Amino acid sequence: MPSVDATLLHNVRLDAREMHVTSTRLLALSFLLAATVGAPALAQHKHDHKSKHGGVIREAGGFVYELVAKPTEIVVHVTDEADRPVPVRGSTAKVTLIDSGSRVEVPLAPGADNRHAATGAFPVKPGMSALLDVMVGGKPVAKLRYTLK
């Protein structure tokens, strides 16, 4: 039988504490590596959505919501990240206009296309806040805050 160097066996053998520390370090290193490798890919995805209708843009859940608020009409245009219209049939939406502590709730009707809309007389002015709530099947899918321009 060949002779075995005892120092080799000692270098290979780890006790339970050393094994835990080594595996923890390895796990932390793998997370760090994944974060640094994945960061450039995330940085390449741009969210430079431009207003097509003169409104204010917000994003939620992979969708883009453009709120156009005028004194006689409020419209929300919904698109996906690739700027394709998303049908809003089967969903409900409301906008809450907020100015100096007063709130006005405006239910929006879903259109046949990618718009929720309401017509009437609305207290809209630049700088005021608006909250958009969108629901599908009675469950909230977007809750967004806007500052009107």
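This report walks through the fold, the strand pairing, the core and a few individual residues of the structure above.

The model is a predicted one, in which local features need pLDDT of at least 70 and side-chain atom pairs count only at pLDDT 80 or more, while totals for chains, interfaces and linings use all residues. Residues are numbered from 1 along each chain as its sequence is written, and side-chain values use heavy atoms, with hydrogens and water left out.

**Overall layout**

The protein contains two helices and eight strands; helices (H or I, at least four residues) and strands (E, at least two) are DSSP runs, numbered from the N terminus. Read from that end, the elements follow the order α-α-β-β-β-β-β-β-β-β. Of the 149 residues, 28% count as buried, where buried means under 20% relative accessible area, exposed over 50%, and partly exposed in between, with a 1.4 Å probe and protein chains only. The accessible surface comes to about 10,400 Å², and carbon and sulfur atoms hold 62% of that; these areas come from the Shrake-Rupley method with a 1.4 Å probe, and for residues only the protein chains shown count as cover. Taking contacts (heavy atoms within 4.5 Å) between residues at least 6 apart in sequence, 48% join residues at least 24 apart.

**The sheet**

An open sheet of eight strands is ordered β1-β2-β3-β6-β5-β4-β7-β8, with antiparallel pairing. Its edge strands are β1 (56-60) and β8 (139-147), each of which pairs on one side only. On average, neighbouring strands of this sheet are turned by 20° against each other, direction ignored; the axes behind this angle are lines fitted to C-alpha atoms, for helices over the stretch in contact, and angles run from 0 to 180 degrees between N-to-C directions. Two strands count as paired if DSSP finds at least two bridges between them. Here are four of the antiparallel pairs.

| Strand pair | Residues of one strand | Bridges |
|---|---|---|
| β2 and β3 | β2: residues 63-70 | eight bridges |
| β3 and β6 | β6: residues 115-119 | five bridges |
| β5 and β6 | β5: residues 102-110 | two bridges |
| β7 and β8 | β7: residues 129-136 | eight bridges |

Some partners help to set the register. F63 has D80 of β3 as its bridge partner, and V76 is matched with H116 in β6. A117 in β6 has V75 opposite, and A109 also stands opposite A117. Towards the end of the chain, M135 has P140 of β8 as its bridge partner. Two hairpins are worth tracing: β2 and β3 form one with two residues between them, while β5 is joined to β6 through four residues.

**Strands β3 and β6**

Strand β3 (residues 73-80) is largely enclosed by the rest of the structure, because seven of its eight residues are buried. One residue to look at in β3 is H77, which is buried with a relative accessible area of 10%. Leaving aside residues up to four places away in sequence, H77 touches H53, V64, Y65, E66, V68, N114 and R115.

Strand β6 shows an alternating pattern: H116 and A118 point to one face and are buried, whereas R115, A117 and T119 point to the other face and are not.

**The nonpolar core**

In soluble globular proteins, nonpolar side chains tend to be buried together. A nonpolar core here is a set of buried Ala, Val, Leu, Ile, Met, Phe, Trp, Tyr and Cys residues joined through side-chain atoms within 4.5 Å. The largest one has 26 residues, of which Y65, I74, V95, L97, L108 and L132 touch the most other members. Elements giving two or more residues to this core are β1, β2, β3, β4 (91-99), β5, β7 and β8. V95 touches L67, I74, V76, V104, E105, V106, L108, A130, L131 and L132, again not counting residues up to four places away in sequence.

**A loop residue**

D83 sits in the loop between β3 and β4 and counts as partly exposed, at 34% relative accessibility. The side chains of D83 and K52 are joined by a polar contact of 2.5 Å; such a contact is a pair of N or O atoms within 3.5 Å, and within protein one must be able to donate a hydrogen and the other to accept it, with residues adjacent in sequence counting only if both atoms are side-chain atoms. D83 and K50 are 33 residues apart along the chain, with 9.6 Å between their C-alpha atoms.
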